[in-house]
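Welcome to a short set of exercises with worked solutions. Keep the sequence and the 3D view open side by side, and try each task before reading on.

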Amino acid sequence: MPAAVSEHREADVVLDVEFERGLLFLVLENLGGAPAHTVRVRFESPLTGLGGERRIDRLQIFRRLEFLGPGRRIRIFLDRSALFFAREKDGAVSARVSWRTDDGARRSRTVRHDLTAYRDFPYLEVPDDA
């Protein structure tokens, strides 16, 4: 089992944010030691990414993910930070994450992120082949 998996025996799903070299990612992760079923993420308000071209909150991965194994994480590109903050002054992202455990029990949590914490984060844009 991956080292990131907690001691929790049941599924424990979170939606997190990662910042890497000026890029913003959403990360859907099962921190628990058992699979999560019927995983859904409902954003409180529309979330636009890819330079304003795509409604990220409407991606199928957030609307209908039937299985997320223990310790599994799915990283979804949101946007380049410069483009995101040029468009989004608020930077608040709030979502309700819900799932079922192996025995069918419903679990959920609301996560809130203030992406403005990354607005003035220094970074270098270095190509991977540099």
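**Exercise 1. Aromatic pairs**

How many aromatic pairs does the rule give?

Before starting, note that this is a predicted model, in which local features need pLDDT of at least 70, side-chain atom pairs count only at pLDDT 80 or more, and totals for chains, interfaces and linings use all residues. Residues are numbered from 1 along each chain as its sequence is written, and side-chain values use heavy atoms, with hydrogens and water left out.

Step 1. Take the rule: rings of Phe, Tyr and Trp (its six-membered ring) pair if their centres lie within 6.5 Å; planes under 30 degrees apart count as stacked, over 60 as edge-to-face and the rest as tilted.

Step 2. Apply it, and the count comes to 6 aromatic pairs.

Step 3. Look at one of them: F25 and F77 are edge-to-face, with 5.7 Å from centre to centre and 65° between the planes. This pair links distant parts of the chain, since F25 belongs to strand 2 (residues 23-30) and F77 to strand 7 (residues 73-80), 52 residues apart.

Step 4. Now check how covered the two rings are. The classes are buried (under 20% relative accessible area), exposed (over 50%) and partly exposed in between, with a 1.4 Å probe and protein chains only. F25 has 12% relative accessibility and so counts as buried; F77, at 30%, is partly exposed.

Step 5. Find the cluster as well: F19, Y118 and F121 form one aromatic cluster.

**Exercise 2. The strand order**

Work out the order and pairing of the open sheet that 4 strands form.

Step 1. Fix the terms. Helices (H or I, at least four residues) and strands (E, at least two) are DSSP runs numbered from the N terminus, and two strands pair if DSSP finds at least two bridges between them.

Step 2. List the elements: the protein has 2 helices and 9 strands, following the pattern β-β-β-β-β-α-β-β-α-β-β along the sequence.

Step 3. Trace the open sheet, whose order is 6-3-8-9 with antiparallel pairing. Strand 6 (65-68) and strand 9 (106-114) are the edge strands, each pairing on one side only.

Step 4. Go inside the sheet. Strand 3 (residues 36-43) and strand 8 (residues 92-100) pair in the antiparallel sense over 5 bridges. V41 has V97 of strand 8 as its bridge partner, and F43 stands opposite A95 in strand 8.

Step 5. Continue to the edge: strand 8 and strand 9 run antiparallel and are joined by 9 bridges. R100 has R106 of strand 9 as its bridge partner. The hairpin of these strands has 5 residues between them, and there G104 takes a positive phi near 90°.

**Exercise 3. Positive phi outside glycine**

Where do R21 and L50 lie, and are they buried or exposed?

Step 1. Recall the background: most residues other than glycine have a negative phi.

Step 2. Place R21, which is not a glycine yet has a positive phi of about 50°. R21 sits in the loop between strand 1 (13-20) and strand 2, and its 40% relative accessibility makes it partly exposed.

Step 3. Place L50, also not a glycine, with a positive phi of about 50°. L50 is in the loop between strand 4 and strand 5 (54-55), and is partly exposed at 40% relative accessibility.

**Exercise 4. Surroundings of T48**

Which residues is T48 in contact with, leaving aside its neighbours within four places in sequence?

Step 1. Locate T48 in strand 4 (residues 48-49). Its relative accessible area of 17% means that T48 is buried.

Step 2. Count a contact when heavy atoms are within 4.5 Å. The partners of T48 are then E53, R54, R55, I56, L78, F84 and R87.

**Exercise 5. The whole protein**

Describe the overall dimensions and burial.

Step 1. The C-alpha atoms fill a box of roughly 45 × 35 × 20 Å along the principal axes.

Step 2. Take the radius of gyration over C-alpha atoms, with a globule rule of 2.2 Å times the number of residues to the power 0.38. For 130 residues a compact globule would have a value near 14 Å, and the 16 Å of the protein agrees.

Step 3. Buried residues make up 40% of the 130 residues.
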